Amino acid sequence: MTAAGLAAAVFLWFAGDGMRAYFTPDDVMNLYTAVFSRATAWDRPAGTWIYRALFQQFGLNPLPYRAACFALLGTNLWLLWTVCRKLSGSVEVAGVAILLGAYHAHLADLYYSTGTIFDLLCFLFYFGALRVYMWARERPSRLGVGLTLALYLGALAAKEIAVTLPLFLLLYDLLYHPPSRRRDALPWVGREALRVGPAVLVTAAYVYYKTMGAGRMTGNSDYLPAFSWQVLTYNWRHYAHDLFYGASQFAGWRIVALWLAVIGLAAVLRRRDAWMGAALCLLGILPVVLIPERGFYAVYLTLPGWYLLGARALASARERAFPHAGAVGPICLLLVLAACLVPLHARQKPRGNTWVSEAYQSVRRTLEPLQHYQVPRGAAVLVVDDPYAADDSILLGIFKLRYRDENITLRRGGAREGEHYDTIFGYGGGGTAVPSSLVLTKGE
């Protein structure tokens, strides 16, 4: 209870203001896809379905979207607890893990942007599948295998990084349920094929679909992997810099030293949960670290590995230093850790939020004035002096979503001779300035 209370307090204190967050340009893009395109065209249907359901029920009220994200964040924190509790067999380790995972200032996208709902859902389904698999491993049944596979499909429908799950199912079995004798190895492999084989086949089909099939993403340079040492080490430095709040640049040999430190720590601890954590740190990141860099939120799925490994190391150190502390020892460890983390998070939070205000305002300045006006169905709209770049499609998405009308046509800039407009909107100031007024006139 102490760990849960501290984790909840840290999370709400630092991230709670995310409930007041507004829409970002990514949200407009995601909503437009959810509302005006067919489900067969959705790249990540799990999150897109959530966008669509929320829009149908609440329209462009941002609060329900934020409530959904915070419900997922809270559920994922609980899931982190139960997975770490099961892997470690220790309430103390699980408690330290959720305190470490309660908040990270450089995960600001998760707390302030609904666009990361894909990452939140992927985490939920991924670790939900792992937890169900651990349960099913102890109570073998077709239900357990089927439920694990269903959750895995949900994770894949949320985000591509989930493809690593079969690897960790196999690793879990190897560490926690290995064959008891050498002669049992072949039957063990056969049973593994029945348990994990369906997930492996699904992964193969999914990878083909995403790289060579109808849903090919590798045609987009933003998702094209580069199998090179330079890309691997550069992106590792990028994410490690955020993970450790910029404590090191991890230049040159330091990133290799970090990898060796993770492996060495797991070897020194000689615990199965430490090896699971180390593997998640080093292998779980591969689908992301080989493509062009993203924000720190992109490795959200791999962070439980760091939390679990760190929690095991801290709990083991506490046990060695104070072997006779009894129940007081874990509580003291949590309090000391919280006392260290809170000021660290407080210093880093402003840096993590630097992008937030500008992202919100670019949508708010355009969308909110429109709530006072109506336009005819299928209207031809002229917008003068809007705050967006000429090649930006966000403005059209905002108008179509606001009026729930895919047939609106939009022209930007000056009126053309001979053209008819049902409605003219003018944003004073032009460029990226705050609109000083909104003027609406009816077309002749």
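These exercises work through the core, backbone, cysteines, cavities and pockets of the structure above.

The model is predicted, so local features need pLDDT of at least 70 and side-chain atom pairs count only at pLDDT 80 or more, while totals for chains, interfaces and linings use all residues. Residues are numbered from 1 along each chain as its sequence is written, and side-chain values use heavy atoms, with hydrogens and water left out.

**Exercise 1. The core**

Task: Find which residues touch the most other members of the largest nonpolar core, and which helix gives the largest share of this core.

Solution.
Step 1. A nonpolar core is a set of buried Ala, Val, Leu, Ile, Met, Phe, Trp, Tyr and Cys residues joined through side-chain atoms within 4.5 Å. Buried means under 20% relative accessible area, exposed over 50%, and partly exposed in between (1.4 Å probe, protein chains only).
Step 2. The largest core has 131 residues, and those touching the most other members are Y111, Y126, F127, W236 and F399.
Step 3. Helix α7 (residues 117-138) provides the largest share of this core, 13 residues. Helices (H or I, at least four residues) and strands (E, at least two) are DSSP runs, numbered from the N terminus.
Step 4. Take Y126 and leave aside its neighbours within four places in sequence: Y126 is then in contact with A155, A162, T164, L165, F168, L280 and L301. Contact here means heavy atoms within 4.5 Å.

**Exercise 2. Positive phi**

Task: For F250 and R270, state where each lies and whether it is buried or exposed.

Solution.
Step 1. Most residues other than glycine have a negative phi.
Step 2. F250 has a positive phi, near 50°. F250 is in the loop between α11 (229-243) and α12 (254-269). With a relative accessible area of 8%, F250 is buried.
Step 3. R270 also has a positive phi, near 55°. R270 sits in the loop between α12 and α13 (272-283). Its relative accessibility is 72%, so R270 counts as exposed.

**Exercise 3. Cysteines**

Task: State how many disulfides the structure holds, and why C69 and C122 are not bonded to each other.

Solution.
Step 1. A disulfide is a covalent bond between the sulfur atoms of two cysteines. The criterion used is a pair of cysteine sulfur atoms within 2.5 Å.
Step 2. The structure holds zero disulfides.
Step 3. For C69, the closest cysteine sulfur is that of C122, at 14 Å, which is too far for a bond. Taken from C122, the closest cysteine sulfur is in C69.
Step 4. C69 is buried at a relative accessible area of 0%, and C122 is buried at 1%.

**Exercise 4. Cavities**

Task: Count the cavities of 30 Å³ or more, then describe the lining of the largest cavity and of the second largest cavity.

Solution.
Step 1. On a 1 Å grid over the protein atoms alone, a cavity is a set of points where a 1.4 Å probe fits but cannot get out; a pocket is an open set with protein on both sides within 12 Å along at least five of seven lines; lining residues have an atom within 4 Å of a point. Grid points are joined across faces, edges and corners, and a volume is the space filled by probe spheres set on the points.
Step 2. There are five cavities of 30 Å³ or more. The largest has a volume of about 140 Å³.
Step 3. The largest cavity is lined by 16 residues, with V83, L87, F127, L130 and L280 closest to its centre. Its largest share, five residues, comes from α4.
Step 4. The lining of the largest cavity has 14 nonpolar, two polar and no charged residues. In this scheme Ala, Val, Leu, Ile, Met, Phe, Trp, Tyr, Cys and Pro count as nonpolar, Asp, Glu, Lys and Arg as charged, and the others, Gly among them, as polar.
Step 5. The second largest cavity holds about 70 Å³. Its lining includes W236, C281 and W306, and α11 gives the largest share, four residues. By class this lining has 10 nonpolar, one polar and no charged residues.

**Exercise 5. Pockets**

Task: Set out the class make-up of the linings of the largest pocket and the second largest pocket.

Solution.
Step 1. The largest pocket has a volume of about 1300 Å³. Of its 40 lining residues, R44, K159, E160, M217 and Y223 are closest to the centre.
Step 2. The lining of the largest pocket has 20 nonpolar, 10 polar and 10 charged residues.
Step 3. The second largest pocket has a volume of about 560 Å³. Its lining has 20 residues, and L100, L243, F244, W306 and G310 lie nearest its centre.
Step 4. Helix α15 gives the most to this second lining, five residues. By class the second lining has 17 nonpolar, three polar and no charged residues.
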